[in-house]
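Student: Could you walk me slowly through one part of this protein? I would like to understand how a strand sits among its neighbours.

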Amino acid sequence: MDVTYEGTRREIATDKGVLRYHEAGQGPPLLLLHGSGIGVSGWRNYRENLGVFAEHFHCYILEFPGFGVSDPVGGHPVATAASSVIRFMDALGIESAAMIGNSMGGVVGVNVAIRHPDRVSGLVTIGGVGPNIFSQHPSEGTRLLQEFADGPSRDKLVRWLECMVYDRDLVTEERIEERWQAANDPESRKTLAAMYGSAAFAAQQQAMAASGAPPYWSMLDKVRCPTLLTWGRDDRQCPPDMPLLPMRLIPQAELHIFPNCGHWVMIEAKQAFERVTLDFLLR
């Protein structure tokens, strides 16, 4: 099976621009939704896992608008990511699919499951979902993202990358250079500033305080599909007190915490994550 970058790369036109993605495997559909952060993309999040999941599922790694790959659209990146999932599924004729979401991608998957419960057959999240209960807010990782968004530098990128993992040996020169090059894309930098820049972050907090709309995590009881919450015990971006509320509110939720692991569970605990996730999705 060809699971190379070029061999899996696809694109499809929608009424709001071109969505780009990677496709591999046969079987029930599985959407892999990426997170936010510096120089992020769906391919960088899941390229090491694609081959394993493609043995059991028809996999689609979707590139969200505004991160330098798919065509950008207006609006907040999380909201446009959620709407892009439905656009993507509609464009390919996918009625319902299981989803894996890393960090922001998990929040996107949860929001799709809340608003379109018939479109999500199962959900696996990797960090991200829920509020900070005991830990500081913003977290250490988010503060480092703010520092980078306010004044990008290679040194700040390295500090954030080292915060993402338990084992700093994973922060190789190749990974640093790849992320640094991607972070210089104008759309990627614009999206990062809209999510994590100090001014934008403060404006978001003020808007949430003034809004009468409930936060998404208060509606987690509406997620009706089986849900597996996965977490790194040493996650400094989304500390492991966050899943306590979603574990209780989502009716069919399970929680698995990986030891000696940071935010990138699918990379740092690769084999264990794949084994636990496949066991859950193939029941």
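How many bridges join strand 7 to strand 8?

Tutor: Happy to help! This is a predicted model, where local features need pLDDT of at least 70, side-chain atom pairs count only at pLDDT 80 or more, and totals for chains, interfaces and linings use all residues. Residues are numbered from 1 along each chain as its sequence is written, and side-chain values use heavy atoms, with hydrogens and water left out.

Now to your question: strand 7 (residues 227-232) is joined to strand 8 (residues 253-258) by 6 bridges, and the two run parallel. Strands here are DSSP runs of E with at least two residues, helices are runs of H or I with at least four, and both are numbered from the N terminus. Two strands pair if DSSP finds at least two bridges between them. Strand 7 also pairs with strand 6 (residues 120-126), again in the parallel sense, over 4 bridges.

Leu229 is a handy residue to follow. The bridge partner of Leu229 in strand 8 is Leu255, and Leu229 is in turn the partner, in strand 7, of Thr125.

The path from strand 7 to strand 8 goes by way of helix 11 (residues 244-249), and these three elements make a right-handed β-α-β unit. Right-handed means that, with the strands pointing away from the viewer, the path from the first strand over the helix to the second runs clockwise.

How covered is strand 7? Of its 6 residues, 6 are buried (under 20% relative accessible area; exposed is over 50% and partly exposed lies in between, with a 1.4 Å probe and protein chains only). In a regular strand the side chains alternate between the two faces of the sheet. In strand 7 both faces are covered: Thr227, Leu229 and Trp231 are buried on one side, and Leu228, Thr230 and Gly232 on the other.

For another strand residue, try Thr14, in strand 1 (residues 9-14). Thr14 counts as buried because its relative accessibility is 19%. Contact means heavy atoms within 4.5 Å; leaving out residues up to four places away in sequence, Thr14 touches Leu19, Arg87 and Ala91. The Thr14 side chain also reaches the backbone oxygen of Gly17 at 2.7 Å.

How values were computed:
A polar contact is a pair of N or O atoms within 3.5 Å; within protein, one must be able to donate a hydrogen and the other to accept it, and residues adjacent in sequence count only if both atoms are side-chain atoms.
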